[in-house]
Each structure stands twice: as structure tokens, then as C-alpha cells.
Amino acid sequence: MLRLATAVALVGTLVVPTAHPMDDDDDSGPAAPADYSYVQKTVPGQTLPRHAYDIAAAQAHHLPTVGGAWQPLGPTNIGGRVVALAMDPTATDALYAASASGGLWRSTDAGRTFTAAWPQDATQAMGAVAVAPNGTVYVGTGEPNPGGGSVTYEGTGVYRSTDHGATWRQVGLPDSGTIGAIAIDPTDPRRILVAANGSLYTPGGDRGVYLSSDAGSSWHKVLDVPNAFTGAVDVQFDPADPHRVYAALWDHRRQPDQRVYGGVGSGLYRSTDSGATWRQLGGGLPATGPDVGRYGFGVSASQPGRLYAIVGTAAGAYGSAYTSADAGNTWTRLPDDPELVDSQSSYSWWFGKIWVDPRDANHVQLAGVPLMTSHDGGKTWTANDDVHSDQHAIVWDPRHPKRVYLGNDGGVYRSDSNGDGGWTHAVSEPFTQLYSVAITAADTSRVSGGAQDNGSLRSWGGPRFNEYFGGDGQENLISPADDNTVYACYQYGNCARSTDGGATTTDFTDATTSDRRNWLTPVQFDPINPKVMYYGGNRLNRSTDGGVTWTAISPDLTGGPGKDDYPFGTITTVAAAGDQHTVWVGTDDGRVWVTHDLGASWTTVLTGQPWVTRVVADPHSPNSAYVTLSGYRSGSAQPHVLRTTDSGGHWADLSGNLPQAPVNTLVIGAGGILYAGTDQGVFASPAGSARWARLGRNLPLVPVDDIAYDPSHHRLVIATFGRGFYSLTVA
């Protein structure tokens, strides 16, 4: 046993008064999901270490593998965030879609169905895709959009495939962090330009515009960046004059004490010698300054010299939009159309894209929360509400003059009306980003879970997965006593219950009492009586009637927001023991509490830890529990998995040979086997052994955010952040 004397402050018993004020006027939580994700993945006071994800992935790769093959459960019809699209010029109706954290996908039926075109054991974080005239595919890994409705992951450089994605070779820029765009010279398919956007979290590395003249075998930087946090987020050849090339540089960073998505490094650049040399454009564009945010630009193919640009502010709001008729020498500011301004919401850095109809220079599409369309060269705009929100990619099909493909947070859409409507959604795109999973032993076909920007999804109520509760789907539960009694939440603890399988829902958020609720607010059943439930804001709430009414049974169990490098101050995990008196709670500010008398008194048993992702009560002893901790570490041996058998008096470190990466979830299986879900997959260990093995084959290298265990059927079902649900039968 290890007593954490230096890291843990054991505080005396705290007796809860019979009555205390429960002010519910302030319903605040994390300022943005990007904050939630960033803080969860880091250690207080530290930034995200360079190459943290791929170093941990390499550690996972060297562990032995046990168990059978994981089976994908879907959803196949919901989709997820698509950051780039590219047509395959060698095949009719063929295109590629790059999923933010789900790899690369190829369609050969005009965007109706997609199949994987990327290796499962490589990073699934995508940033860009481009295809040469001979069908050679180039992929840039690492998502350049810096968190909006979710965490974003860095990549490992540029890759090339000459067989439609069957095999891949890494061809350079391994320290690029994220890739914003790849452009292929239309006069020479071996000349490739790459916009290396860099790491969001650490300075330096491969940043700027890089040129390869030999199909990626070698690279040299042709456009440098003005400071260590500036990257190149876009690069495009002018389709009307291939000697002209345009690129956008973007100054942006995410650090423990700030999130700045603009700065003096942001600007628009042009080359007139096919990318060899560059100069910054002015002529009416915003002057260089600390408030200049992300640029987006589009180039006309039908009207030489016509360009469009949009620039956000460093704070995230809409800044201004422009057009140029002389290849960027001079610019005219476009009217601040109210719909255009509103389309950027408060996070213009999430978009930064403009696309010009290749046959009509006045027909312009622009990325925002809705898809924005102009038919008069940007003077007026209309919002297209026929597609999912948050737009990221558009490509026109040269074989079909009016066919357009769109990628957004809901997947891939196709329009045969030149992008002016008539959008149809892909029917098979299995790359949904999931936060949670719920199952029931009564019906193994029933699976539900919360999805990034796609609500709470269920496998019943229709022929395929369907959304039954909106927002960014978070916690989901299915009652073990009645599988038609279900619970679903969206961000910041907005939760509802249903007694008809989700056909109708009744909100219970206002029945709970908390000052603060996290992006993902924990809601859990008592393991003996599912009518008894727990809900964690900054106070723990308890219900004895299945979530209809709630009573707070704790004071604030956190240090409050903004204390000790922890910005939120909320409960992140709740676990009730089988004695119906003991409850364990973990918080985002590194505390673990236990009560043995249903909240009459509370004892802190851990403090000073990273974000507590899970507390799991041992089903055989109310005095025993497991704690999992988040945070990528900079070579630190600080634990990720702890166990106590004496109500938190002493703790044993069970991290063992686990990859040095956040442990997101943990369940106890038959025989006391531990199953841990991490950013690098699922790992299994005999209880107390501190020796871990990779669990199962056929699971992509994708974060696992939640695990559900069904002891009746000896199966695990996991929620992955990028590839949907998977199941595995275990002993």
C-alpha cells in the first residue's frame, strides 16, 4: 500500500447541517467546452505536453493484447465532424472525407456510403485531404480547429497513399501538430504545398507553408511564421492562374491561463511564383494587430483575380468580410450583413472557410453555424438551415456541374442543386464522436449514448439510431428495472427523464440544487435500487423516486471556481456502494470524498490530484473503491489509477504499465478484472495487479470516453470519440 502523504491532504470529517443555503441562481459552468476538454486533459498549471498522444499510443502498441475482436455497433447513419473533403479524379462519384477524430473515409457512390480508408492503428485525428490527378491521396493529420464542441487531437504529419487508402506512408512534417490544408500544383502533381498549423498548446515545431517538389519525399519551408504560436491554417492555388497561391497564417494558442485565437501573426499572404516566395497582403485588409483572428478565403475559378475573405476577432466574434477584384492587391469591405455576422456566433475561429462556385464568381458559400450563401458577390447572405450546424468543408464535383458535397459536424451532405438546397445526408458514415454509453441486460439490442453536437442517440424507436434529446449529448442511463425508463442530458447538466423509451421527456434540471454544473454532469443509479439516483453539480443531489424530485445531500464539495489552477469547481463522478449508505464523489479540482451515512457527514480522502474522471465503488465492500485520474503528464510518475480498501485512509497505485495518458473511465468485471478506457483504447488488469494488457482486436486507435458492463451477458460496450460504439464479450 502507498500512503499519498505528500499529495493528499486528509481533512477531518465535515458534518452537514440539517439546513444550509442552496443558492441556485448561478447556473454557471465551464466557459466553453474547449475549456472543459483542455483542463480535463492537462495537469493543473501545465500545458498539454508535446506529442503526448502519440507517445502514449506507442506505449500502448507495445503492450500484449488479450481477448477477442471488438464489434462495431454503429451508429452508421448519424455521422460526426468532417473537417475536409476531396474528390477522387480517377473514379466517377468517388470522394474522401476526413473525420476530425475518426480517420479518413472513401465513398464510391456519390457520398451515400463511406468505408474506412485509413489504418486502425494510426492516429485518427484528421486535418486535411487532397488528391492528385493520378489518384494519389495526401492526408494531413491533426485537427486545426481548436476545440468548439469537443477536444481536438494533434497528429503525426503528412501521409501518402497510391492505392486509394489501402496502404499509407508517412512522408514528412511529423512535428506539425495540426495540418490546415494541402494543395497540389495543377501544373505538376509532384509539387505539394502544406499549411502546417502547429500545436495549439506548445510553441515551435513545423509551422508555416511547406513545399515538396517530389511528392512528399522532401520538404522545405517557403513561408515562415512571425512567432512561435503562429501557424498556416490554409493554402490554395488560384484555379484561374496556378502561379498564384494564397495562404492564411493564424496566431493562436491555448495555455493554462489563457485561450487566445488571434494576434499579430494572423494575416493573408500571396505568392506569384507557385509558392516559392510570399508577401503579406494589405490594400484594405485589417492592419496587423493583436485582435486579428482567423482568416478564411476563397478564390474564383471563373473570374480571374476575384477573391473573398473573412476575418474574425481574437475574442471569437465576427470581424469583417472583403472582396478583391485584382488578385488581392486591393480589397473592398463587404457590408456587415446581419445574418453573416450572426453566423459566426462567438467562435469564428471554429470556421474560417469560404468557397466560390467554380462557374459563378458571385455565388459564394461561407462556413458558419449555418451554411451561408450569397448570390451577389457577398453583398447579402442567406442562411441554409437544411443541414446540420457548424460547417467545415465544401467541394464541387467536376463531373456533375451542380453537384456539391458539404462536410460539417453532422457528417457529409450532397446537393444536386449547386448547394442552394436539396441536401441529402449520407446513410452510412460510422464516425460519430461519443461521450457516453448506456446499455441494459434486458435487451442487448438497446444502446444509447451522448454524441458531440448530435444529441443523445438511441438504437430503438426507429429502424436505425436516432436522436431523442438534443444539444451536445452527455450522460445517458437506462433503468435496469424498466428499459423504457431512460435518462439523457446535454451540456451543463440539463437532463430529462422518460418513461416511454425517450418518445417524450420531462426535464428535471430545475429540481436539482447546484451553483455550478460541468460540461458533462454525472447522473448515476444506486446499484441496488434504481429508483435511487445521484446528480452532481457542485453539490450532490439525491432522488428516491427515479429522478422526479431531488434533495441536496452535501455542501459544496469543491474549492470553488478559479481556485488552485482549477477553473470550474464541480463534481465529475459519483459512485454509490452496495450498502445503500456509502457514496463516493470525485471533482474536477482533484478531490475525492466519501460519506457512509448518506450525506450527513463527508470526509475528504484525496486532494491535490488532477481531474478525477471516475470513482468506482467495489461491489463487495463499501470501504473499497477505485479512482481514475485524467491529465497527460510531462514524464511524471503521478498515478492514473488508485485503489483504497480502508475508506481512503491509504491508496495503492495501480497505474503500472498503462500508457501515460488520461484514464477516462473504469468498470469492474467478473472476477474483479478491471477495464480502463483511455485516450488510447481499453486495457484490462486483474484487480490489484497493476499489470495491464490491451483489450481486444479490431479497435481503432481512438479515445474511449465511457464503458458499460453487462454481467448477465459478459459484455462490454464502449463509447469512442470518433468511431461510435463497440462491443466485446469478455470472460
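This report describes the empty spaces, one open sheet and the largest nonpolar core of a predicted model.

## Cavities

Rolling a probe the size of a water molecule over the atoms shows where empty space is left. In this model, the count comes to 6 cavities of 30 Å³ or more. The volume of the largest cavity is about 120 Å³. Its lining is made up of 12 residues, and the closest to the centre are Leu 48, Ala 52, Tyr 53, Tyr 153 and Glu 154.

Helix α2, which spans residues 52-61, supplies the largest share of this lining, with 3 residues. Sorted by class, the lining of the largest cavity holds 7 nonpolar, 2 polar and 3 charged residues.

## The second largest pocket

The second largest pocket has a volume of about 1,400 Å³. A total of 44 residues line this pocket, and those nearest its centre are Leu 85, Ile 182, Gln 236, Ile 394 and Val 395. By class, the lining of the second largest pocket consists of 32 nonpolar, 5 polar and 7 charged residues.

Several elements give two or more residues to the lining of the second largest pocket. Among them are β4 (82-87), β8 (126-131), β12 (179-184) and β16 (230-238). The list also includes β22 (292-299), β26 (354-356) and β30 (391-396).

## An open sheet

An open sheet is formed by 5 strands, in the order β2-β57-β56-β55-β54, with mixed pairing. The strands at the edges are β2 (65-69) and β54 (663-668), each of which pairs on one side only. From one strand to the next, the twist averages 30 degrees.

At the β2 edge, the partner strand is β57, residues 693-697. These two strands pair in the parallel sense over 3 bridges. Within this pairing, Val 66 has Leu 695 of β57 as its bridge partner.

## The largest nonpolar core

The largest nonpolar core contains 52 residues. Leu 268, Trp 331 and Tyr 632 are the residues with the most contacts inside this core.

Both helices and strands give two or more residues to the core. The helices are α1 (33-41) and α2, and α2 also gives 3 residues to the lining of the largest cavity. The strands are β17 (241-251), β22, β23 (307-313), β30 and β31 (404-408). Of these strands, β22 and β30 also give two or more residues each to the lining of the second largest pocket.

Definitions and conventions: Residues numbered from 1 in each chain as written. Predicted model: local features only at pLDDT ≥ 70, side-chain atom pairs only at ≥ 80, totals over all residues. Heavy atoms only, no water. 1 Å grid on protein atoms, 1.4 Å probe; cavity = no way out; pocket = protein on both sides within 12 Å on 5 of 7 lines; lining within 4 Å. Points joined across faces, edges and corners; volume = space filled by probe spheres on them. Helix = DSSP H or I, 4+ residues; strand = E, 2+ residues; numbered from the N terminus. Nonpolar A, V, L, I, M, F, W, Y, C, P; charged D, E, K, R; others polar. Pairing = 2+ DSSP bridges. Axes fitted to C-alpha atoms, helices over the stretch in contact; angles between N-to-C directions. Core = buried A, V, L, I, M, F, W, Y, C linked by side-chain atoms within 4.5 Å. Buried < 20%, exposed > 50% of the residue type's maximum accessible area, 1.4 Å probe, protein only.
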